[in-house]
Amino acid sequence: MACSATSASLFSANPTPLFSPKSSLSLPNNSLHLNPLPTRPSLSLTRPSHTRRSFVVKASSSELPLVGNTAPDFEAEAVFDQEFINVKLSDYIGKKYVVLFFYPLDFTFVCPTEITAFSDRHAEFEALNTEILGVSVDSVFSHLAWIQTDRKSGGLGDLNYPLISDVTKSISKSYGVLIPDQGIALRGLFIIDKEGVIQHSTINNLAIGRSVDETKRTLQVITHSISS
């Protein structure tokens with residue numbers, strides 16, 4: 001075979017060594033100088049003093065919304081009970097907690113599941129003195145069409161809470177969930193107490209829905225801690 005012949009020519013039986021085993025490498029005296037390794041600076045590890053710290057959140061208006069700060073107020077058109085209504089967030093101050101959630105668009109796959117789940121369990125949130133508000137950048141006409149579409153056909157059917165239209169995208173932007181280059185909102189969820197302060201927030205990517213069970217559990221913790 002060609003490969004075998006080539007191998008035989010490259011490796012002979014008695015190859016000439018490059019260095020004689022009897023030869024030695026001699027170096028003139030003082031020809032090799034080894035500099036000592038630089039010394040590592042000593043580290044002083046000091047345990048910080050245990051001082052009491054404040055957990056009050058302080059932020060400028062440009063950084064809102066942050067948990068612990070007042071939720072940005074808004075007034076917008078919405079659909080509820082197949083009618084067009086106006087919703088103003090500040091109307092709930094002093095009266096109810098608010099679960100405010102954003103979703104990307106009407107007639108999308110993940111959206112109906114969580115939207116209808118919140119509606120089906122609305123009575124449980126109502127028992128906690130809480131209103132649910134859903135928001136997307138769609139128009140009220142798109143909301144109405146989706147509500148009037150049967151669930152078996154990919155619609156929502158009647159909902160027990162308002163769907164808010166954010167066609168100007170101002171609400172999504174003020175809550176930090178707007179994707180500017182796409183013009184739609186991430187799946188943000190905010191729990192706002194009766195004083196109008198954001199007590200909890202979570203933001204998921206477009207394809208990841210929210211858990212109604214986890215939202216309710218968090219809400220119960222908030223209402224209990226505030227009332228106690």
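1. Let's start with a term you'll need: a residue is called buried when its relative accessible area is under 20%, exposed when that value is over 50%, and partly exposed in between. Keep in mind as you read on that this is a predicted model. Now try R151: its relative accessible area is 37%, so R151 is partly exposed.

2. Who does R151 pair up with? Its salt-bridge partner is D120, and their closest N and O atoms sit 3.0 Å apart. This pair ties together distant parts of the chain: D120 belongs to helix α2, while R151 is in the loop between α4 (140–147) and β5 (163–165), and the two are 31 residues apart. D120 has a relative accessibility of 53%, so it counts as exposed.

3. Stay with helix α2 for a moment, as it covers residues 110–120 and includes A117. A117 comes out at 22% relative accessibility, and because the partly exposed range lies between 20% and 50%, A117 counts as partly exposed. Have a look at L159 too: A117 and L159 are 42 residues apart in sequence, and their C-alpha atoms are 9.8 Å apart in space.

4. Next up is E114, whose side chain meets that of R187 in a salt bridge, at 2.7 Å from N to O. Here again distant parts of the chain are linked, with E114 in helix α2 and R187 in strand β8 (residues 187–192), 73 residues apart. Are these two buried or exposed? E114 has 4% relative accessibility, so it counts as buried. R187 has 2%, so R187 counts as buried as well.

5. Helix α6 (residues 212–227) gives you a pair within one helix: E214 and R217 both lie there, 3 residues apart, which is about one turn of the helix. Their side chains meet in a salt bridge, 2.7 Å from N to O. E214 has a relative accessible area of 38%, so it is partly exposed, and R217, with 43%, is partly exposed too.

6. Why do such pairs turn up at all? Side chains of opposite charge can pair when their charged atoms come close.

7. How many salt bridges does the structure hold? The count is 7. Besides the pairs above, take a look at R121, E124, D213 and K216, which are linked in a network of salt bridges.

Note on methods
Residues are numbered from 1 along each chain as its sequence is written. This is a predicted model: local features need pLDDT of at least 70, side-chain atom pairs count only at pLDDT 80 or more; totals for chains, interfaces and linings use all residues. Side-chain values use heavy atoms; hydrogens and water are left out. Helices (H or I, at least four residues) and strands (E, at least two) are DSSP runs, numbered from the N terminus. Buried means under 20% relative accessible area, exposed over 50%, partly exposed in between (1.4 Å probe, protein chains only). A salt bridge is a side-chain nitrogen of Lys or Arg within 4 Å of a carboxyl oxygen of Asp or Glu.
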